[in-house]
Amino acid sequence: VSDLVIYLSVQHLSHLMANMSSNMGVSKERIFLYAMKNEFKFGSFMLTTKAKHYLALITSQEGNLKSDPELEVKGVSLRTSNIPAAVMKKFKRRVKKMCKQVAAGQEIDIHEILDEVAFLENQVAESIIQGKPDYLKSTNIKERSAYDENRESNYHYHRLYNSTMSGRYGWLEEPPYEAYKLPVRLRNKTLINEWIETIEDEIIKNGFKEWFKENKRDYKQFILPDYLVSNYGIPKDLVKAADIRKACFATVEPYYHVLECLGIYMIDENRTLLVSDYYGDKTVSEVA
């Protein structure tokens with residue numbers, strides 16, 4: 001009934017606007033050029049706690065029913081291209097199913113969602129430990145001139161690679177080239193020194209010792225050249241510094257915003273809680 005009323009209203013509005021255009025002296029062949037923006041009917045609507053982030057199920061457009069309801073996803077944290085395509089596809093399939101269930105008046109089985117998130121988090125952890133970049137966010141390193149004169153930005157990591165790892169894996173010519181972001185737990189001098197002492201490869205160990213003598217800073221991430229990761233994987237000495245929990249959260253972040261809509265609040269600044277800490281066969285801490 002609502003779709004029929006919407007359809008009739010839209011047609012009537014179109015007629016009124018055509019009348020107005022005609023009264024203004026617009027030629028007959030142009031009186032329908034003036035039109036209103038397309039509007040949709042949401043069969044269900046999911047508003048997250050993050051501003052301008054929501055999901056909805058489009059069941060009709062201007063009163064015209066859709067044979068297959070369309071999922072509307074708004075907000076960069078819910079549709080970021082940095083998340084692997086396979087994970088994003090799985091996420092959209094899950095939330096579309098949820099939206100359909102709500103539109104049909106059915107209950108949602110939250111355990112299905114929690115199990116899915118826990119499984120993905122364990123997959124991410126195992127992938128990083130095995131030195132694979134499958135779930136890491138991609139980026140690129142450009143030539144030095146592309147960055148601000150006083151700020152190296154991503155180019156800094158080109159110098160870092162050549163200074164610390166080129167002796168083992170080969171020298172890299174000047175960018176541009178593709179790269180991967182590896183979150184790391186090197187937030188202060190103590191953590192950096194503790195990590196350096198665990199490095200088994202003497203060439204890399206000495207390289208980082210010299211690097212940190214010259215560059216007195218901390219790191220939340222390393223940007224690794226695609227050349228390195230594609231040919232050798234993520235070096236096991238770098239895996240020891242990886243912030244695997246942060247990588248897990250970054251990969252499945254859209255799920256956490258949806259879980260908040262269902263009354264489960266786990267997001268905090270330090271990512272101290274993950275779904276896999278409570279659900280699934282094993283926790284990320286056990287995997288790592």
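Which side chain meets Asp201 in a salt bridge? Arg168 does, with 2.7 Å from N to O. By salt bridge I mean a side-chain nitrogen of Lys or Arg within 4 Å of a carboxyl oxygen of Asp or Glu.

Before going on, a word on what we are looking at, everyone. This is a predicted model, where local features need pLDDT of at least 70 and side-chain atom pairs count only at pLDDT 80 or more, while totals for chains, interfaces and linings use all residues. Residues are numbered from 1 along each chain as its sequence is written, and side-chain values use heavy atoms, with hydrogens and water left out.

Back to our pair. Arg168 lies in helix α6 and Asp201 in the loop between α7 (189-198) and α8, so the salt bridge ties together parts that are 33 residues apart in sequence. Helices here are DSSP runs of H or I with at least four residues, strands are runs of E with at least two, and both are numbered from the N terminus. Arg168 is partly exposed at 41% relative accessible area, whereas Asp201 is buried at 17%. For those words, buried means under 20% relative accessible area, exposed means over 50%, and partly exposed is in between, using a 1.4 Å probe and protein chains only.

The loop between α7 and α8 also holds Glu200, whose partner Lys240 sits in the loop between α10 (236-239) and α11, 40 residues apart. Their closest N and O atoms are 3.2 Å apart, and Lys240 is partly exposed, at 30%.

In total, the count comes to 15 salt bridges. Another of them joins Arg94 to Glu116 at 2.9 Å. Arg94 is in helix α3 (residues 85-103) and Glu116 in helix α4 (residues 110-129), so this pair ties together parts 22 residues apart in sequence. Both Arg94 and Glu116 are buried. Through shared partners, Arg94, Lys97, Glu112 and Glu116 become one network.

Now, the inside. The largest nonpolar core has 68 residues, and Met165, Leu182, Trp195, Phe208, Tyr219, Phe222 and Leu238 have the most contacts inside it. A core here is a set of buried Ala, Val, Leu, Ile, Met, Phe, Trp, Tyr and Cys residues joined through side-chain atoms within 4.5 Å. Helix α11 (residues 244-261) gives the most to this core, with 9 residues.

Take Phe208 as an example. Beyond its neighbours within four places in sequence, Phe208 is in contact (heavy atoms within 4.5 Å) with residues including Leu160, Met165, Trp195 and Phe222. Phe208 is also part of an aromatic cluster with Tyr157, Trp195, Phe212, Tyr219 and Phe222.

Leu160 brings us to helix α5 (residues 155-164). Here 8 of the 10 residues are buried, so α5 is largely enclosed by the rest of the structure. Among the elements covering those buried residues are β4 (137-141), β5 (177-186) and α8 (202-214).

One last stop: aromatic pairs. Rings of Phe, Tyr and Trp (its six-membered ring) pair if their centres lie within 6.5 Å; planes under 30 degrees apart count as stacked, over 60 as edge-to-face and the rest as tilted. The whole structure has 13 such pairs. One of them is Tyr169 with Tyr232, a tilted pair at 4.9 Å centre to centre and 55° between the planes. Tyr169 lies in helix α6 and Tyr232 in helix α9, so the pair ties together parts 63 residues apart in sequence. Tyr169 is buried at 14%, while Tyr232 is partly exposed at 46%.

Thanks for listening!
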